[in-house]
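Let's take a friendly tour of the pockets in this protein. Please have the sequence and the model open as you read.

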Amino acid sequence: MTKESMKWITVFILLSASTLLFKTHLYILIYASFFAIFAMSWSFFTSFSGYLNLGHVIFIGIAGYTTAIFNYHLNFHMALSIPIGIIAGAGGGWLLLNPLHRKISGLSFEMVTFLGILVLSDLVLTSYLRPITGADLGISPIDSLLSSFPLAIGLNIFMCISGYLFVRFLNSEHGKVLDFARENTDLVKTAGLDPHRYSGLCLLYSGIVGAIGGTLYIHFSGSAGVSNTFSLDFQIHMIVMAIIGGRFSMFGSLFGAYFVILLEEILRGMVTGPIENLIIYSIGFCVYFFSPEGLFPKIASLKKRLIG
């Protein structure tokens with residue numbers, strides 16, 4: 001058993017133990033697990049490919065709306081609609097974003113992915129698609145995943161396996177080429193390698209995990225609407241989580257998601273929504289300005305110095 005696998009097993013044990021210790025807050029822990037999955041999958045592509053993807057919710061949104069449509073309109077059981085949603089979300093998102101990342105990079109890629117969210121969110125709100133998407137009302141009710149201990153454990157397993165596989169990919173030959181390409185694309189091309197092939201694989205794996213999380217999240221929410229799919233706030237939220245925790249580390253993104261969700265829960269009874277967002281985003285700004293690597297690497301480094 002490798003050192004990396006032991007780390008993720010330890011994370012799984014700690015998270016699972018927390019669901020037993022804090023049963024009254026099970027819903028919040030499950031909610032945090034979903035956002036940890038989203039933050040990790042966003043960070044996996046954006047932080048290690050050199051492309052800032054502002055449209056990661058495209059994977060989540062297509063997957064979420066697809067499973068909701070099949071479940072609500074066609075009466076598919078969610079055991080069937082979820083796999084269909086995953087295929088549609090991962091496949092559709094990759095077919096949309098992969099050609100873009102092959103053609104453009106830098107600010108152009110960021111702007112196009114950002115516009116992609118706006119286009120899709122407006123598309124599902126149009127009167128033409130209202131019979132299918134429900135427009136501003138969304139699709140509701142759909143079969144729900146209830147807040148339960150088995151769901152929490154299942155999400156923890158999926159999250160830790162995904163994180164472990166992400167790290168395995170980054171430590172593989174594919175990951176090394178991706179790392180070189182991020183620093184010097186021309187050098188990789190000179191070696192006869194196609195850097196977009198490796199970043200495309202990274203994008204696909206990121207999209208698959210995002211789509212799986214998206215379908216489950218929609219059924220956990222009990223409805224599909226713009227706010228929990230193609231929302232800009234939704235996208236910004238997962239980015240801020242990764243920044244606070246440490247976007248160049250899977251553990252950092254996971255930590256950031258739990259940190260933000262638990263802090264939001266603490267603030268909810270004290271301040272209004274806009275003030276809550278102001279506090280969270282201000283923390284994200286300060287972390288990025290004073291410690292760009294995020295809080296988790298700082299905490300890990302401090303722990304190492306103290307323990308020796």
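Which element supplies the largest share of the lining of the second largest pocket? That share comes from α11, with six residues. Please keep in mind throughout that this is a predicted model.

## The second largest pocket

This pocket has a volume of about 260 Å³. It is lined by 18 residues, and those closest to its centre are Trp42, Leu52, Leu54, Ile239 and Ile243.

Two helices, α2 (26-49) and α11 (232-245), each contribute at least two residues to the lining of the second largest pocket. Sorted by class, this lining holds 12 nonpolar, four polar and two charged residues.

## The largest pocket

Now turn to the largest pocket, which holds about 770 Å³ of space. Look for Lys7, Val11, Phe251, Phe296 and Ala300, which are the closest to its centre among the 24 lining residues.

Four elements give two or more residues to the lining of the largest pocket: α1 (3-21), α7 (149-171), α12 (250-268) and α14 (295-307). Of the elements, α1 gives the most, with eight residues. The lining of the largest pocket is made up of 17 nonpolar, three polar and four charged residues.

## A short recap

To find your way back, start at α11 for the second largest pocket, where this helix provides six lining residues. For the largest pocket, start at α1, which provides eight.

Conventions
Residues are numbered from 1 along each chain as its sequence is written. This is a predicted model: local features need pLDDT of at least 70, side-chain atom pairs count only at pLDDT 80 or more; totals for chains, interfaces and linings use all residues. Side-chain values use heavy atoms; hydrogens and water are left out. On a 1 Å grid over the protein atoms alone, a cavity is a set of points where a 1.4 Å probe fits but cannot get out, and a pocket is an open set with protein on both sides within 12 Å along at least five of seven lines; lining residues have an atom within 4 Å of a point. Grid points are joined across faces, edges and corners, and a volume is the space filled by probe spheres set on the points. Ala, Val, Leu, Ile, Met, Phe, Trp, Tyr, Cys and Pro count as nonpolar, Asp, Glu, Lys and Arg as charged, and the others, Gly among them, as polar.
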